[in-house]
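I opened the notebook to go through this structure one item at a time. Here is what I looked up.

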Amino acid sequence: MGIEVKVIDLGERKAKFILSGVTPAFANALRRCMINEIPRLAIDEVHFYENTSILFDEQIALRLALIPLKADPTGYVMEDECTCEDGCALCQTTATISAEGPKMVYSSDLIMGDENISVADDRIPIVDLKEGQKLLLNAIIRLGTGEMHAKWQSAVVCGYKNVPHVSITDCNDCARCVSICPRDVFRLVDGRVMIGDDINCSYCKLCLDVCELQGIVIEEEPDAFLFTLETDGGMSASMTIAYAIHLLKERAIRLKSALENLAH
Ligand code: SF4
Ligand code: SF4
């Protein structure tokens, strides 16, 4: 059987899909790719010209770094792959904040040097400036990956499990499994216990403990995986999946070519 993808749920930031026809190693490679290897832009360095707020420079810099930025990462190159020495328009851009209290400074107060970059959420609070307090800074935005630092991580939640199958082989309709199952896998219909959405099964096995007839069977598909993904909004869920697959494909092509060179 070839590789198949069945989308269960797809939103801007969340996705649930079944990937089948692959090995556990491939599923894990895709997961790691989505978390660690997709290039993203994030604030990486901050120069403070004035900060009379209650927060230290370091605290504000940390908050700025964790603000998800929306941008096409292909517009920039990694700093260590750039031909320049001190940073140029290819490997970095800037954002500034100039604010005076009384005012709550939000992520939307970041003025981007590149109009193609925006914050994923406008209302992320940075610091509450009181009367007369000022904040003036210049931030440098660079490309990075989740492997380098969590601020560049695309998928903030990404996990998978083997697709579960629950069946009943012997039953007296006592309904104990209906009450104990935390995922509502069992349903009571006209006094009969039926299997509902068994894809929600978490393999907790509580139902096995309460079934006196030992009539419940829980199996897992060895080559089908239910993925749950959530991004920070900097990149859409569908783009994160597509980018990770693209990276895996590129890597496979490089490996194939290296092996072919070895063989010759
Ligand atoms: S606990 Fe077992 S016997 Fe009772 S309803 Fe569930 S499957 Fe049937
Ligand atoms: S293993 Fe847990 S989640 Fe799965 S059907 Fe049984 S009780 Fe429900």
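The entries below cover ligands, surface, charge pairs and backbone.

**Entry 1, status.** I note at the start that this is a predicted model.

**Entry 2, ligand 1.** I asked which residues are around ligand 1. I found Cys 171, Asn 172, Asp 173, Cys 174, Ala 175, Cys 177, Val 193, Cys 211 and Ile 216. By class, I read seven nonpolar, one polar and one charged in this shell. I then looked up the cavity: ligand 1 sits in the largest one.

**Entry 3, Asp 173.** I went back to one residue of that shell, Asp 173. Its phi is near 55°. That is a positive value, and the residue is not glycine. I placed Asp 173 in the loop between strand E11 (155-168) and helix H3 (176-180).

**Entry 4, ligand 2.** I repeated the search for ligand 2. Its surroundings include four cysteines by name: Cys 181, Cys 201, Cys 204 and Cys 207. I also listed Pro 182, Arg 183, Val 185, Phe 186, Ser 202, Tyr 203, Lys 205 and Ile 218. The shell divides into nine nonpolar, one polar and two charged residues. Ligand 2 takes up the second largest cavity.

**Entry 5, surface.** Which residues make the nonpolar surface patch? I wrote down Ile 3, Val 5, Val 7, Leu 10 and Phe 26. The patch has an area of about 470 Å². Strand E1 (residues 4-10) gives the largest share, three residues. Val 7 is found in strand E1.

**Entry 6, salt bridges.** How many salt bridges does the structure hold? I got twelve. I looked up one pair, Glu 37 and Arg 251, whose side chains meet at 2.0 Å, N to O. This pair links distant parts of the chain, 214 residues apart. Glu 37 is in helix H1 (residues 24-37), and Arg 251 is in helix H5 (residues 237-263). As a general reminder, side chains of opposite charge can pair when their charged atoms come close.

**Entry 7, peptide bond.** I checked the link between Gly 101 and Pro 102: the bond is cis. I noted omega at about 5°. Where is Pro 102? I located Pro 102 in the loop between strand E5 (92-100) and strand E6 (103-106).

Notes. Residues numbered from 1 in each chain as written. Chains lettered and ligands numbered in written order. Predicted model: local features only at pLDDT ≥ 70, side-chain atom pairs only at ≥ 80, totals over all residues. Heavy atoms only, no water. Near = heavy atom within 4 Å. 1 Å grid on protein atoms, 1.4 Å probe; cavity = no way out; pocket = protein on both sides within 12 Å on 5 of 7 lines; lining within 4 Å. Sits in = over half its atoms within 2 Å of the grid points. Nonpolar A, V, L, I, M, F, W, Y, C, P; charged D, E, K, R; others polar. Patch = residues over 30% accessible without salt bridge, like charges linked within 9 Å, V, L, I, M, F, W, Y side chains within 5 Å. Areas by Shrake-Rupley, 256 points an atom, 1.4 Å probe, with all protein chains shown as cover. Salt bridge = Lys/Arg side-chain N within 4 Å of Asp/Glu carboxyl O. Helix = DSSP H or I, 4+ residues; strand = E, 2+ residues; numbered from the N terminus.
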